[in-house]
Amino acid sequence: MSVNAEKGKYMDKEIMTFEDLNKEVVDRGLCGKCGGCVSFCSAGDLNALEMGENGLPKYANKDNCLKCGICYLICPQIGTLDEELKNKFGWKPPIGDYKYVSSAQTTDKQIMEVCTDGGVVTSLLAYLLENGLVSAAVVSKKKGLFSREPIIATTREDLISAAGSQFSESYHLEELGGKYTTYAPILSTVKALEKRYLRDVAIVGTPCQVNTIRKMQVLGIIPAHLVKYAIGLFCVENFSFDDLARERLEKRLSVNMEEVRRLNIKEDLILTLQSGITVHVPLEEVDEVARPACFTCKDFSNEFADVSAGGLGSPEGYTGLLVRTDAGESMFSGAVN
(Lines give C-alpha, C1' and ligand atoms only; values in the text may rest on other atoms or scores of the structure.)
Protein backbone atom coordinates (compact mmCIF):
# COMPACT_ATOMS: atom_id res chain seq x y z
CA MET A 1 0.00 0.00 0.00
CA SER A 2 1.28 3.47 -0.84
CA VAL A 3 -0.14 6.34 1.18
CA ASN A 4 1.16 9.87 0.76
CA ALA A 5 2.66 11.96 3.55
CA GLU A 6 -0.64 13.59 4.51
CA LYS A 7 -2.33 10.23 4.82
CA GLY A 8 0.09 8.43 7.06
CA LYS A 9 3.58 7.86 5.61
CA TYR A 10 3.21 4.11 5.13
CA MET A 11 5.29 3.61 1.99
CA ASP A 12 8.08 1.76 3.76
CA LYS A 13 6.11 -0.06 6.42
CA GLU A 14 5.16 -3.72 6.42
CA ILE A 15 1.55 -4.30 5.43
CA MET A 16 -0.49 -6.02 8.14
CA THR A 17 -3.43 -8.03 6.80
CA PHE A 18 -6.64 -9.48 8.20
CA GLU A 19 -4.66 -12.49 9.39
CA ASP A 20 -2.71 -10.16 11.68
CA LEU A 21 -5.92 -8.46 12.81
CA ASN A 22 -7.37 -11.87 13.57
CA LYS A 23 -4.40 -12.85 15.74
CA GLU A 24 -4.06 -9.54 17.58
CA VAL A 25 -7.71 -8.65 18.12
CA VAL A 26 -10.29 -11.30 17.26
CA ASP A 27 -8.53 -14.38 18.67
CA ARG A 28 -7.65 -12.48 21.85
CA GLY A 29 -11.29 -11.61 22.51
CA LEU A 30 -10.75 -7.88 22.00
CA CYS A 31 -13.01 -7.41 18.97
CA GLY A 32 -15.81 -4.93 19.59
CA LYS A 33 -17.87 -6.28 16.68
CA CYS A 34 -18.15 -2.80 15.15
CA GLY A 35 -17.97 -4.24 11.63
CA GLY A 36 -15.64 -1.53 10.37
CA CYS A 37 -13.15 -3.98 8.91
CA VAL A 38 -15.89 -5.71 6.90
CA SER A 39 -17.83 -2.59 5.93
CA PHE A 40 -14.81 -0.67 4.67
CA CYS A 41 -12.61 -3.43 3.35
CA SER A 42 -11.31 -2.22 -0.03
CA ALA A 43 -12.15 -5.67 -1.35
CA GLY A 44 -15.72 -5.34 -0.09
CA ASP A 45 -17.24 -5.76 -3.52
CA LEU A 46 -15.25 -8.96 -3.84
CA ASN A 47 -16.69 -10.34 -0.58
CA ALA A 48 -13.32 -11.01 1.00
CA LEU A 49 -14.61 -10.53 4.56
CA GLU A 50 -17.94 -11.07 6.31
CA MET A 51 -19.43 -10.97 9.79
CA GLY A 52 -19.92 -14.42 11.27
CA GLU A 53 -22.99 -15.60 13.16
CA ASN A 54 -21.21 -14.72 16.41
CA GLY A 55 -20.77 -11.13 15.22
CA LEU A 56 -17.04 -11.50 14.67
CA PRO A 57 -15.34 -10.78 11.32
CA LYS A 58 -13.98 -13.66 9.28
CA TYR A 59 -12.85 -14.49 5.79
CA ALA A 60 -15.69 -14.98 3.32
CA ASN A 61 -13.22 -15.77 0.57
CA LYS A 62 -9.55 -15.52 1.53
CA ASP A 63 -8.46 -15.66 -2.12
CA ASN A 64 -10.33 -12.39 -2.77
CA CYS A 65 -8.41 -10.48 -0.10
CA LEU A 66 -6.26 -7.72 -1.63
CA LYS A 67 -3.97 -7.71 1.43
CA CYS A 68 -4.05 -3.90 1.43
CA GLY A 69 -4.04 -3.67 5.23
CA ILE A 70 -6.96 -1.26 5.51
CA CYS A 71 -8.95 -3.56 7.80
CA TYR A 72 -5.99 -3.64 10.19
CA LEU A 73 -5.30 0.10 10.14
CA ILE A 74 -8.86 1.27 10.84
CA CYS A 75 -9.60 -1.15 13.70
CA PRO A 76 -10.16 0.87 16.92
CA GLN A 77 -8.14 -1.72 18.85
CA ILE A 78 -5.04 -1.11 16.72
CA GLY A 79 -2.88 1.90 17.53
CA THR A 80 -0.93 2.19 14.28
CA LEU A 81 -2.62 5.46 13.27
CA ASP A 82 -2.79 6.97 16.76
CA GLU A 83 -0.07 9.54 16.19
CA GLU A 84 -1.61 10.65 12.88
CA LEU A 85 -4.97 11.09 14.61
CA LYS A 86 -3.47 13.02 17.50
CA ASN A 87 -1.59 15.32 15.16
CA LYS A 88 -4.63 15.93 12.96
CA PHE A 89 -6.85 16.85 15.92
CA GLY A 90 -4.24 18.56 18.08
CA TRP A 91 -4.74 16.01 20.85
CA LYS A 92 -3.71 17.08 24.35
CA PRO A 93 -3.69 15.00 27.54
CA PRO A 94 -5.68 13.82 29.31
CA ILE A 95 -8.91 13.88 27.24
CA GLY A 96 -7.97 15.43 23.90
CA ASP A 97 -8.29 18.97 22.65
CA TYR A 98 -11.41 21.07 23.19
CA LYS A 99 -12.42 24.71 22.86
CA TYR A 100 -14.78 24.89 25.82
CA VAL A 101 -17.02 22.90 28.13
CA SER A 102 -20.74 23.55 28.40
CA SER A 103 -23.85 22.17 30.05
CA ALA A 104 -27.02 22.65 28.04
CA GLN A 105 -30.68 21.72 27.70
CA THR A 106 -32.94 21.70 24.66
CA THR A 107 -35.64 24.37 24.32
CA ASP A 108 -37.68 22.02 22.11
CA LYS A 109 -40.57 20.65 24.18
CA GLN A 110 -41.11 17.67 21.89
CA ILE A 111 -37.48 16.60 22.15
CA MET A 112 -37.44 17.20 25.92
CA GLU A 113 -40.30 14.74 26.35
CA VAL A 114 -38.30 11.86 24.87
CA CYS A 115 -34.64 12.63 25.63
CA THR A 116 -32.44 10.84 28.15
CA ASP A 117 -30.56 13.85 29.53
CA GLY A 118 -30.82 17.36 28.10
CA GLY A 119 -31.84 16.52 24.54
CA VAL A 120 -28.88 18.42 23.09
CA VAL A 121 -27.69 15.72 20.66
CA THR A 122 -31.13 15.41 19.07
CA SER A 123 -31.48 19.20 18.91
CA LEU A 124 -28.08 19.57 17.23
CA LEU A 125 -29.06 17.00 14.61
CA ALA A 126 -32.43 18.68 14.06
CA TYR A 127 -30.64 22.01 13.55
CA LEU A 128 -28.28 20.47 10.99
CA LEU A 129 -31.10 18.78 9.04
CA GLU A 130 -33.56 21.65 9.11
CA ASN A 131 -30.94 24.14 7.92
CA GLY A 132 -29.69 21.95 5.10
CA LEU A 133 -26.23 21.53 6.63
CA VAL A 134 -26.51 17.75 6.32
CA SER A 135 -28.70 15.49 4.24
CA ALA A 136 -28.94 12.73 6.86
CA ALA A 137 -27.82 11.62 10.28
CA VAL A 138 -26.75 8.11 11.26
CA VAL A 139 -28.11 7.37 14.73
CA SER A 140 -29.15 4.35 16.77
CA LYS A 141 -32.78 3.64 17.60
CA LYS A 142 -33.99 1.58 20.52
CA LYS A 143 -35.98 -1.56 19.73
CA GLY A 144 -36.12 -2.59 23.38
CA LEU A 145 -34.41 -2.00 26.70
CA PHE A 146 -31.23 -3.79 25.61
CA SER A 147 -31.63 -3.67 21.86
CA ARG A 148 -30.61 -1.01 19.34
CA GLU A 149 -30.51 -0.74 15.58
CA PRO A 150 -28.78 1.86 13.38
CA ILE A 151 -30.97 4.05 11.16
CA ILE A 152 -30.41 6.80 8.62
CA ALA A 153 -32.51 9.75 9.79
CA THR A 154 -33.51 12.25 7.12
CA THR A 155 -36.39 14.01 8.92
CA ARG A 156 -37.17 15.51 12.29
CA GLU A 157 -39.65 12.68 12.84
CA ASP A 158 -36.87 10.13 12.35
CA LEU A 159 -34.78 11.88 15.00
CA ILE A 160 -37.65 12.04 17.50
CA SER A 161 -38.34 8.33 17.04
CA ALA A 162 -34.69 7.53 17.81
CA ALA A 163 -34.23 9.96 20.72
CA GLY A 164 -33.71 8.95 24.33
CA SER A 165 -34.47 5.72 26.10
CA GLN A 166 -37.86 4.96 24.62
CA PHE A 167 -39.29 1.44 24.51
CA SER A 168 -42.40 -0.30 23.27
CA GLU A 169 -45.72 0.56 24.92
CA SER A 170 -45.61 -2.68 26.90
CA TYR A 171 -42.11 -1.80 28.10
CA HIS A 172 -41.04 -5.41 27.62
CA LEU A 173 -37.46 -6.41 27.09
CA GLU A 174 -36.84 -7.00 23.42
CA GLU A 175 -35.57 -10.51 22.87
CA LEU A 176 -33.46 -11.40 19.87
CA GLY A 177 -33.02 -15.15 20.19
CA GLY A 178 -32.07 -14.73 23.85
CA LYS A 179 -29.38 -12.18 23.02
CA TYR A 180 -29.39 -8.60 24.24
CA THR A 181 -27.05 -5.73 23.38
CA THR A 182 -27.00 -1.96 23.82
CA TYR A 183 -24.40 -1.59 21.06
CA ALA A 184 -25.56 -0.53 17.59
CA PRO A 185 -23.16 -1.23 14.68
CA ILE A 186 -23.51 2.10 12.86
CA LEU A 187 -20.47 1.65 10.62
CA SER A 188 -22.24 -0.76 8.29
CA THR A 189 -24.94 1.91 7.89
CA VAL A 190 -22.34 4.56 7.03
CA LYS A 191 -21.19 2.25 4.24
CA ALA A 192 -24.72 2.33 2.79
CA LEU A 193 -24.85 6.14 2.57
CA GLU A 194 -23.16 6.40 -0.80
CA LYS A 195 -25.61 3.99 -2.42
CA ARG A 196 -28.42 6.33 -1.34
CA TYR A 197 -26.68 9.34 -2.89
CA LEU A 198 -26.54 11.12 0.47
CA ARG A 199 -23.79 13.67 1.06
CA ASP A 200 -22.67 15.69 4.07
CA VAL A 201 -23.98 13.51 6.89
CA ALA A 202 -23.69 13.58 10.67
CA ILE A 203 -23.02 10.52 12.78
CA VAL A 204 -23.60 9.85 16.46
CA GLY A 205 -21.28 7.18 17.78
CA THR A 206 -19.28 5.66 20.58
CA PRO A 207 -15.55 6.43 20.91
CA CYS A 208 -14.54 3.27 19.03
CA GLN A 209 -16.91 4.08 16.14
CA VAL A 210 -15.74 7.69 15.84
CA ASN A 211 -12.14 6.47 16.07
CA THR A 212 -12.68 4.18 13.07
CA ILE A 213 -14.35 6.93 11.04
CA ARG A 214 -11.46 9.31 11.76
CA LYS A 215 -8.89 6.71 10.77
CA MET A 216 -10.67 6.25 7.45
CA GLN A 217 -10.63 10.01 6.93
CA VAL A 218 -6.89 10.10 7.63
CA LEU A 219 -6.39 7.44 4.96
CA GLY A 220 -8.91 9.00 2.56
CA ILE A 221 -11.14 5.92 2.46
CA ILE A 222 -14.53 6.24 0.76
CA PRO A 223 -17.23 6.84 2.01
CA ALA A 224 -15.77 8.36 5.18
CA HIS A 225 -15.53 11.64 3.25
CA LEU A 226 -19.32 11.91 3.51
CA VAL A 227 -19.15 12.38 7.29
CA LYS A 228 -19.23 16.13 7.89
CA TYR A 229 -19.99 16.12 11.62
CA ALA A 230 -19.17 13.51 14.27
CA ILE A 231 -21.06 13.79 17.55
CA GLY A 232 -19.46 11.49 20.10
CA LEU A 233 -21.18 10.01 23.13
CA PHE A 234 -19.47 9.72 26.49
CA CYS A 235 -19.04 5.98 26.92
CA VAL A 236 -18.24 3.87 29.96
CA GLU A 237 -19.28 0.51 28.55
CA ASN A 238 -21.92 -1.21 26.46
CA PHE A 239 -23.70 -4.39 27.50
CA SER A 240 -24.14 -7.66 25.66
CA PHE A 241 -25.57 -10.77 27.28
CA ASP A 242 -27.88 -13.78 26.96
CA ASP A 243 -30.87 -15.14 28.89
CA LEU A 244 -28.72 -16.94 31.46
CA ALA A 245 -26.73 -13.80 32.26
CA ARG A 246 -29.99 -11.87 32.45
CA GLU A 247 -31.34 -14.25 35.07
CA ARG A 248 -28.17 -13.94 37.16
CA LEU A 249 -28.30 -10.15 36.84
CA GLU A 250 -31.93 -9.94 37.91
CA LYS A 251 -31.23 -12.14 40.94
CA ARG A 252 -28.20 -10.10 41.98
CA LEU A 253 -29.96 -6.74 41.57
CA SER A 254 -33.36 -7.91 42.83
CA VAL A 255 -34.89 -6.27 39.77
CA ASN A 256 -37.15 -7.73 37.10
CA MET A 257 -35.87 -6.35 33.79
CA GLU A 258 -39.42 -6.44 32.42
CA GLU A 259 -40.27 -3.69 34.92
CA VAL A 260 -37.49 -1.36 33.79
CA ARG A 261 -38.82 1.65 31.87
CA ARG A 262 -35.61 3.60 31.34
CA LEU A 263 -31.88 2.94 31.40
CA ASN A 264 -29.07 5.49 31.71
CA ILE A 265 -25.38 5.46 32.64
CA LYS A 266 -23.62 8.24 34.52
CA GLU A 267 -21.49 7.55 37.57
CA ASP A 268 -23.39 4.27 37.79
CA LEU A 269 -26.12 2.33 35.98
CA ILE A 270 -29.48 4.01 36.56
CA LEU A 271 -32.64 1.92 36.17
CA THR A 272 -36.01 3.65 36.33
CA LEU A 273 -38.88 1.22 37.00
CA GLN A 274 -42.47 1.49 35.81
CA SER A 275 -43.44 2.33 39.38
CA GLY A 276 -41.25 5.43 39.19
CA ILE A 277 -38.62 4.03 41.56
CA THR A 278 -35.03 4.69 40.50
CA VAL A 279 -32.38 2.06 41.21
CA HIS A 280 -28.66 2.99 41.12
CA VAL A 281 -26.34 0.09 40.40
CA PRO A 282 -22.51 0.35 40.72
CA LEU A 283 -20.92 -0.42 37.36
CA GLU A 284 -18.79 -3.19 38.85
CA GLU A 285 -22.05 -5.02 39.61
CA VAL A 286 -22.81 -5.31 35.89
CA ASP A 287 -19.29 -5.83 34.57
CA GLU A 288 -20.06 -9.46 33.79
CA VAL A 289 -22.48 -8.38 31.01
CA ALA A 290 -20.24 -5.63 29.62
CA ARG A 291 -18.68 -6.21 26.20
CA PRO A 292 -15.07 -7.44 26.70
CA ALA A 293 -13.74 -4.90 24.18
CA CYS A 294 -15.00 -2.09 26.41
CA PHE A 295 -12.51 -3.00 29.14
CA THR A 296 -9.57 -2.26 26.82
CA CYS A 297 -10.88 1.18 25.79
CA LYS A 298 -9.44 4.23 27.56
CA ASP A 299 -11.45 6.82 25.63
CA PHE A 300 -14.45 7.76 27.78
CA SER A 301 -14.89 11.29 26.43
CA ASN A 302 -14.83 10.55 22.68
CA GLU A 303 -11.59 12.42 22.06
CA PHE A 304 -11.82 12.72 18.25
CA ALA A 305 -15.44 13.86 17.92
CA ASP A 306 -16.44 17.38 16.86
CA VAL A 307 -18.66 17.59 19.93
CA SER A 308 -18.65 15.07 22.78
CA ALA A 309 -21.85 14.73 24.82
CA GLY A 310 -23.31 12.88 27.79
CA GLY A 311 -25.07 13.25 31.10
CA LEU A 312 -22.05 12.79 33.35
CA GLY A 313 -20.91 15.99 35.07
CA SER A 314 -24.12 17.93 34.43
CA PRO A 315 -27.21 18.53 36.56
CA GLU A 316 -30.22 16.27 36.08
CA GLY A 317 -31.96 17.14 32.83
CA TYR A 318 -28.88 18.66 31.21
CA THR A 319 -26.29 17.41 28.73
CA GLY A 320 -22.59 17.90 29.37
CA LEU A 321 -20.63 18.95 26.28
CA LEU A 322 -17.04 19.19 25.12
CA VAL A 323 -16.97 21.40 22.01
CA ARG A 324 -13.74 20.27 20.36
CA THR A 325 -13.33 21.40 16.74
CA ASP A 326 -14.19 24.35 14.50
CA ALA A 327 -16.95 22.25 12.94
CA GLY A 328 -18.28 21.43 16.41
CA GLU A 329 -18.21 25.06 17.50
CA SER A 330 -20.02 26.16 14.33
CA MET A 331 -22.68 23.48 14.85
CA PHE A 332 -23.26 24.24 18.54
CA SER A 333 -23.23 28.05 18.28
CA GLY A 334 -25.52 27.89 15.26
CA ALA A 335 -28.04 25.74 17.12
CA VAL A 336 -27.92 28.01 20.18
CA ASN A 337 -28.49 31.09 18.07
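Is Phe332 buried or exposed? In this predicted model, Phe332 has a relative accessibility of 9%, so it counts as buried, the cut-off for that label being under 20%. Its ring doesn't sit alone, either: Phe332 pairs up with the ring of Tyr100. The two ring centres lie 6.3 Å apart, and the planes meet at 50°, which makes the pair tilted. Tyr100 belongs to strand 3 (residues 100-104), while Phe332 belongs to helix 11 (residues 326-336). With 232 residues separating them along the chain, the pair ties together distant parts of it. Tyr100 has a relative accessible area of 26%, so this residue is partly exposed rather than buried. Altogether, the model holds four aromatic pairs, and the one between Tyr100 and Phe332 is among them.

Aromatic rings also turn up next to lysines. Lys86 lies over the face of Trp91, at 4.5 Å from the ring centre. A little further along comes another such case: Lys88 lies over the face of Phe89, at 6.0 Å from the ring centre.

Next up is a hairpin, built from strand 11 and strand 12. Strand 11 covers residues 269-273 and strand 12 covers residues 278-281. The two run antiparallel and are joined by four bridges. For Thr272, the bridge partner in strand 12 is Thr278. Between the two strands come four residues, and Gly276, in the turn, has a positive phi of about 100°. As a general point for reading strands like these, side chains in a regular strand alternate between the two faces of the sheet.

Note on methods:
Residues are numbered from 1 along each chain as its sequence is written. This is a predicted model: local features need pLDDT of at least 70, side-chain atom pairs count only at pLDDT 80 or more; totals for chains, interfaces and linings use all residues. Side-chain values use heavy atoms; hydrogens and water are left out. Two strands pair if DSSP finds at least two bridges between them. Rings of Phe, Tyr and Trp (its six-membered ring) pair if their centres lie within 6.5 Å; planes under 30 degrees apart count as stacked, over 60 as edge-to-face and the rest as tilted. Buried means under 20% relative accessible area, exposed over 50%, partly exposed in between (1.4 Å probe, protein chains only). A charge sits over a ring if NZ of Lys or CZ of Arg is within 6 Å of the ring centre and within 35 degrees of the ring normal.
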